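Reader: I wish to learn how to read a protein structure, one feature at a time. Please give the general idea first and then the case before us.

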Amino acid sequence: MTITPTAGEKGAHRLGDLLVDAGKITAEQLQMALEAQREEGGRLGTHLVRIDYMSDPELVEFLADRYGVPAVDLTDLEIDEAVIQLVPADVARKYTVLPVAKTGAKLTIAMADPTNVFAMDDIKFMTGYTVEPVVASDTALREAIDDYHGSTHAIELRKVMEDIAEADEADLEVLDEEEDINLQELEQQSEEAPVVRLVNIILTDAIKRNASDIHIETYERQYRVRYRIDGVLYEMMRPPMKLKEAIASRLKIMAKLDIAEKRLPQDGRIKIKTRGAGKVRDLDFRVSSLPTIFGEKIVMRLLDKEKLMLDMTKLGFEADPLRRFEQAIFRPYGMVLVTGPTGSGKTNTLYSALSRINSPETNIMTAEDPVEFNLEGINQVQIKEQIGLNFAAAMRSFLRQDPNIILVGEIRDFETAEVAIKAAMTGHLVLSTLHTNDAPSSVNRLMNMGVEPFLVASSVHLVVAQRLVRMICSSCKEAVKVPPQSLVNLGFSTEESHTLQLFKGRGCERCSGTGYKGRLGLFEVMEVDDEIRDMVLSGASAYELREKALVNEMISLRQSGLQKIRDGVTTIEEVVRETVTDVAI
């Protein structure tokens, strides 16, 4: 069977062959980019830039030289609104073009592909002007089109808001707190077409933006939606106040919660399927509703198994701390603790450890609240405090289930700590988490719960403290200069401060203008060796334990952050935000 390539594929091959002939990319890189184009669509150049085979400026310069047309930087241009309106938004998006200037009967069009004669003919026929092309990057064009015409998300949201404004006010009447709750009316409100569409937009847009959480909040005079993206909250929209009951009811119905119960917190899950890039993904939203003085606040945690990083080498560990961590989790018994605040990636680290040591020969049991991801070959138990199934009760049952490895979601109290330590001392490997600021503090935290020092010293083998920092966006990464004294204050040596090259993200479409894309861990790994064990038995403070661990070449959170800056993957601001200066060097 003969497959005839489309015009777009022919154009892609032509551009790709030219880039290979010019030595800009290799034949293997071209094949990788072409495969990505077939799966996801779009332009070949866009995929070459996204996979980091070329930068936007390199591609634009090549096209300009090859086809003899000028290149333009759209960020430096102020385009007259009358010129923008000459080419409608749908045409601009269809061809990824933007009119930038008009001189007499000549219209200058910025294009990602200056060989697209179909686009030039259509615009010439539509406007009546002679078209003169100039080259701009695909990313810059899309950003400029969104700036001048509004993003596709904003357009869709505006249509929904218009529908809501046209809806009958009586259909969206908000119930007064003193009135009886009419379940039928609440259900009817939640099924109104504009409300359903708005909730769908909120969920799908969060997925597209790689948000980890959605916050839907009601205040006295405003109602807002915020997304947490790479650890930072951004306000995305402000729906009308009159919709707060309808939106809350819609989400609670989707999460199988009681829509009539507005006085108590509730927890549930929404399971959805989404199609994108030619494949179907199953996603979970963990839903939490909380009564506030002005209405219910709803927070949804997006659980996407595809985003779960189970490769320990890619979490952010430096080589020596990773070696120590792997040695600890391959021991047949003892306790390994992972500490840090909420949202610091502890669960991901523990899941990565379980994935690393999971085999048909081991029986792994976990007690979690909640179970965030289902792991093949691992027995996972959901904690249910309301029926007496807490961490301690689950662990006591585990010990009768012939386990090799036990994961306790969190050690919160003396009872759980006691059972965990007993398990660690009777031939089981126990993994768990604590909420402490650094690794040495975990030892004192256990003793503060009431655990005897000799039990802590003999059971705990390794403690990992971690934080998450945002990574610089690879699509808009650029070098920056920082005064050497600022680097010295941060922790770099005087010599290194004069030679170190630092980077930041300029902000682009891929990173939504933030300059950051994705997150990486900072890790502080304290091995409990004989010296530290003796110090624990003698009642040493967390400060003294930290000093000794640093002398024993423990890499602190700050030092881990400095290494990420050296590697050019994060910024000074991120490291300063998540770490403190070492108390001992």
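Author: Let us begin with a single residue. R470 is buried, with a relative accessible area of 12%; buried means under 20%, exposed means over 50%, and partly exposed lies in between (1.4 Å probe, protein chains only). This is a predicted model, in which local features need pLDDT of at least 70, side-chain atom pairs count only at pLDDT 80 or more, and totals for chains, interfaces and linings use all residues. Residues are numbered from 1 along each chain as its sequence is written, and side-chain values use heavy atoms, with hydrogens and water left out.

Reader: Where does R470 lie, and with which residues is R470 in contact?

Author: Strand β15, residues 460–472, holds R470. Helices (H or I, at least four residues) and strands (E, at least two) are DSSP runs, numbered from the N terminus. Contact means heavy atoms within 4.5 Å. If neighbours within four places in sequence are set aside, the partners of R470 include D230, V232, Y234, Y516, E574 and R577.

Reader: How many helices and strands has the protein, and what percentage of its residues count as buried?

Author: There are 24 helices and 18 strands in the protein. Of its 585 residues, 47% count as buried. Contacts also link distant parts of the sequence: among those between residues at least 6 apart, 63% join residues at least 24 apart.

Reader: Is helix α12 mostly covered or mostly uncovered?

Author: One counts the buried residues along the helix. Helix α12 (residues 244–254) is mostly covered, with 10 of its 11 residues buried. Among them are K244, E245, R250 and K252, as well as A246, I247 and L251.

Reader: How should I recognise a nonpolar core, and which residues of the largest one touch the most other members?

Author: A nonpolar core is a set of buried Ala, Val, Leu, Ile, Met, Phe, Trp, Tyr and Cys residues joined through side-chain atoms within 4.5 Å. The largest here has 45 residues, of which M335, L337, I411, L446, V460 and M526 touch the most other members. Helix α16 (residues 414–424) gives the most to this core, namely 6 residues. M335 illustrates the packing: apart from neighbours within four places in sequence, its contacts include I411, A420, I421, A424 and V460. Another core, of 31 residues, lies apart from the largest one and has V199, A206, A246 and F285 among its members.

Reader: How do I describe two helices that pack together, such as α21 and α22?

Author: One compares their axes, which are lines fitted to C-alpha atoms over the stretch in contact, with angles from 0 to 180 degrees between N-to-C directions. Angles under 35 degrees are roughly parallel, over 145 roughly antiparallel, 65 to 115 roughly perpendicular, and the rest oblique. Helices α21 (residues 530–537) and α22 (residues 542–551) pack at about 170°, with axes 10 Å apart. The pair is therefore roughly antiparallel. E531, I532, M535 and V536 of α21 meet E544, L545, K548 and A549 of α22. This contact comprises 5 nonpolar, no polar and 3 charged residues; Ala, Val, Leu, Ile, Met, Phe, Trp, Tyr, Cys and Pro count as nonpolar, Asp, Glu, Lys and Arg as charged, and the others, Gly among them, as polar.

Reader: At roughly what angle do the axes of α13 and α14 cross?

Author: The axes of α13 (residues 319–329) and α14 (residues 346–357) cross at roughly 60° and come within 10 Å. Helix α13 is therefore oblique to α14. On the α13 side F325, E326 and I329 take part, meeting T349, A353, R356 and I357 of α14. By class, that contact has 4 nonpolar, 1 polar and 2 charged residues.

Reader: What should I look for in the backbone?

Author: Most residues other than glycine have a negative phi, and most peptide bonds are trans. N210 has a positive phi, near 55°. This residue sits in the loop between α11 and β4 and is partly exposed, at 31% relative accessibility. D402 also has a positive phi, near 55°; D402 lies in the loop between α15 (391–398) and β13 (405–408) and is exposed, at 64%. The peptide bond from D369 to P370 is cis, with omega near 0°, and P370 is in the loop between β11 (364–368) and β12 (379–382).
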